[in-house]
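Q: Please take a close look at the nonpolar core of this model and at the aromatic rings associated with it. I would like one connected account that goes from the core as a whole to individual residues.

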Amino acid sequence: MFNTLLGARTRTMNAPGTTVSVTYGQYHYTRPGTTQTWQFVDTPGTYSLLAMSPDEQVAVDAVMGASGMPRPDLIVVVMDATAISRSLYLLSMVVELGMPTVVAITMNDLAARNGCAIDPARLSRLLNGMPVVALDGRDGTGEAALADAIARSFTGTPIPQGLDDPNDPGHDDCKRPAADAASMREWVESRADRRFDWTARILRDLDVQPNQSVTLSDRIDRVLLHPVLGIIAFLAILFIVFQATTTLAAPMQDWFDVSLRAWCTEGLDRLFGLFGPNATDSWLYSLLVDGVLDGVITVLTFIPTMGIMFLMLSMLEDSGYMARAAFVMDRAMRALGLDGRAFLPIIIGFGCNLPALAATRTLQDSRQRVLTGMLIPFAACSARLSVFLVLAHAFFPKYAGVVVFLMYVVSITIILLIGVLLRHTMFRGLKPEPLMLALPAYQCPRALQLIRSVLIRLWQFIRGASVIIISMIMALWLLQGIPMTATAGGFAHVDDVHDSVYGVLADTISPVFAPAGFDDWHASAALVTGFVAKEVVIGSMSQSYHADESDDANAQRNGEGTLGQKMRDSFDRSSHGHGKAAAIAFLLFTLAYTPCLATVAEMRRQFGTKVAARSVCLSLLTAYALAVVAFQVLRLVW
């Protein structure tokens, strides 16, 4: 609704608890004879003004004009027609604050499907004339009516009969409460019975009789929420998502990495050829081809993978399945002292760890938020997906999709095991809260909204990752262009990258990874750059191997191109013939080791330096132990 009204690009999800902060936007209201500009403030969802979690407190502060936020001139209460009783209770509290209020009814089409649609005109009469507008946030239906209702209501709206008017001088005990928690609790609890009675009366007068027959959603939930079948369905859905990602993205990645790279290189060759036959030997040519172009191509090869991944995750989010996933995982999360709500931030972490940390604000207990925050870095974010794909295609071309799927299964397993470990050490005595989760109605994702959501998320990824990737690859080009030996050559003309500053530094680090089977300077250097951003790992390896971009596209995808072949050769040498085992160890290390610096910084901001430092150390130790154990066991097989 917010995005439709204001043309905004705020990320939405068909699951509760995914909005954790306020979002601002301007709306220009134009009618004959009047032009106004309003500032909308979109808050996290809540069913009560008695905040039970930090995100609900944000909503309460916005309504009350507390914590430095301006007091609103008017409040639009968005009521879910499929959960009208809870929405009416919230409305009763908002009305008693005495501010102009407009009611917006959404999800009325789904309520009609169940035989309990809300008639806006009838509800408005029951609310003594308070403006009530039905709208659909997905297609903008009702937007003009809502804007007109808001424009008419700034001077005030009626107080429905049965509720207290804080502006009535004859009711001193009904005055607007102070914004502090104690006053709000006293105010909410002192009038709770009266508000419940009022809500029940409105419901009776609405004469809403929901359809009691078993619906299609009920039948679907019998499977997806089953304690055994639900987990099987969850894993099957994950497998389909990642199998589709690896299968559909590969041809498009090849086009960017082979054909487009060849065209761009050929174009630069012709351009520099205008300045003489030796122009292509200059450091500027090397910078553009091996630095800038390599960085741009690396970013472009992520577009097919990320686009398909975001498309499939958006479909799951919009359909309402993500909330079911949290419900299914509730039993497993309770073993960690958490509940199913903690799984939603972790699910978000599979896209990016950064917003996942922000989503921990939906949890009520501060210790639960810290524990969940320490588990989120083990969620395999989309940046790690590029590493999984390249190594899976290079070492296991026939089973690449299965390998990527198993990496995500391992990620979930690590989260559960580390969670159990932390609960019995740092978080002793932590008890899960009862799970109360509003399951949203199933919806068929709309094509236009789906495409818009994917494009927004894809653009955010490209905008955030491109600067880091291109900057890092140019820095790597510089390090690879500085010779460290007398016979290495000159600047930007190092004969063997191994003899550059980059190679020497990587050689110093690589012995640490000998027990894991990849004590190769290409791999160790790539992992070091991965501390900044995981997106750079493959670009770093490509540069250090000096892959031949002219190889056939099919060969490159099947692991027979230069990069795949050189990776297999170097892993075979470093592991003494156990290259596949070393590749698995490398994948596991990439999966579990320290997330990007932006995530570490956000963790430090939210939870403090000590928690962030412990998380980094835990990630490194876990990654190293996994890699070593995996290699030592698997080398007996491969």
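A: In this predicted model, the largest nonpolar core comprises 106 residues, and the members that touch the most others are Leu391, Phe518, Met541, Phe571 and Phe586. Met541 shows how such a member is surrounded: leaving aside its neighbours within four places in sequence, Met541 is in contact with His522, Ala526, Leu563, Met567, Phe571 and Phe586. There is also a second, separate core, which has 38 residues, among them Ala66, Ile75, Ile84 and Val95. In soluble globular proteins, nonpolar side chains tend to be buried together.

The aromatic rings can be followed from here. Across the whole structure a search finds 16 aromatic pairs. One of them joins Phe513 and Phe589 in an edge-to-face arrangement, with 5.3 Å from centre to centre and 85° between the planes. Because Phe513 lies in the loop between α20 (501-509) and α21 (521-530) while Phe589 belongs to helix α25 (residues 579-592), this pair ties together parts that are 76 residues apart in sequence. Phe513 has a relative accessible area of 7% and is therefore buried, and Phe589, at 4% relative accessibility, counts as buried too.

Ring pairs also link Phe513 and Phe589 into a cluster with Phe395, Phe518, Phe571, Phe586 and Tyr593. Phe518, Phe571 and Phe586, already named among the core members that touch the most others, thus reappear as rings of this cluster. At Tyr593 a charge is added to the picture, since the charged end of Lys534 sits over the ring of Tyr593, 4.3 Å from its centre. A comparable arrangement is found at Trp187, where the charged end of Arg195 sits over the ring, 4.5 Å from its centre.

Phe571 leads on to a polar residue, Ser575, which is placed in the loop between α24 (562-574) and α25. The backbone oxygen of Phe571 lies 2.5 Å from a polar atom of the Ser575 side chain. With residues up to four places away in sequence not counted, Ser575 touches Gly517, Ala582 and Phe631. Its relative accessibility is 1%, so Ser575 counts as buried.

Taken together, Phe571 is a member of the largest nonpolar core, a contact of Met541, a ring of the aromatic cluster and, through its backbone oxygen, a partner of the Ser575 side chain.

How values were computed:
Residues are numbered from 1 along each chain as its sequence is written. This is a predicted model: local features need pLDDT of at least 70, side-chain atom pairs count only at pLDDT 80 or more; totals for chains, interfaces and linings use all residues. Side-chain values use heavy atoms; hydrogens and water are left out. A nonpolar core is a set of buried Ala, Val, Leu, Ile, Met, Phe, Trp, Tyr and Cys residues joined through side-chain atoms within 4.5 Å. Buried means under 20% relative accessible area, exposed over 50%, partly exposed in between (1.4 Å probe, protein chains only). Contact means heavy atoms within 4.5 Å. Rings of Phe, Tyr and Trp (its six-membered ring) pair if their centres lie within 6.5 Å; planes under 30 degrees apart count as stacked, over 60 as edge-to-face and the rest as tilted. Helices (H or I, at least four residues) and strands (E, at least two) are DSSP runs, numbered from the N terminus. A charge sits over a ring if NZ of Lys or CZ of Arg is within 6 Å of the ring centre and within 35 degrees of the ring normal. A polar contact is a pair of N or O atoms within 3.5 Å; within protein, one must be able to donate a hydrogen and the other to accept it, and residues adjacent in sequence count only if both atoms are side-chain atoms.
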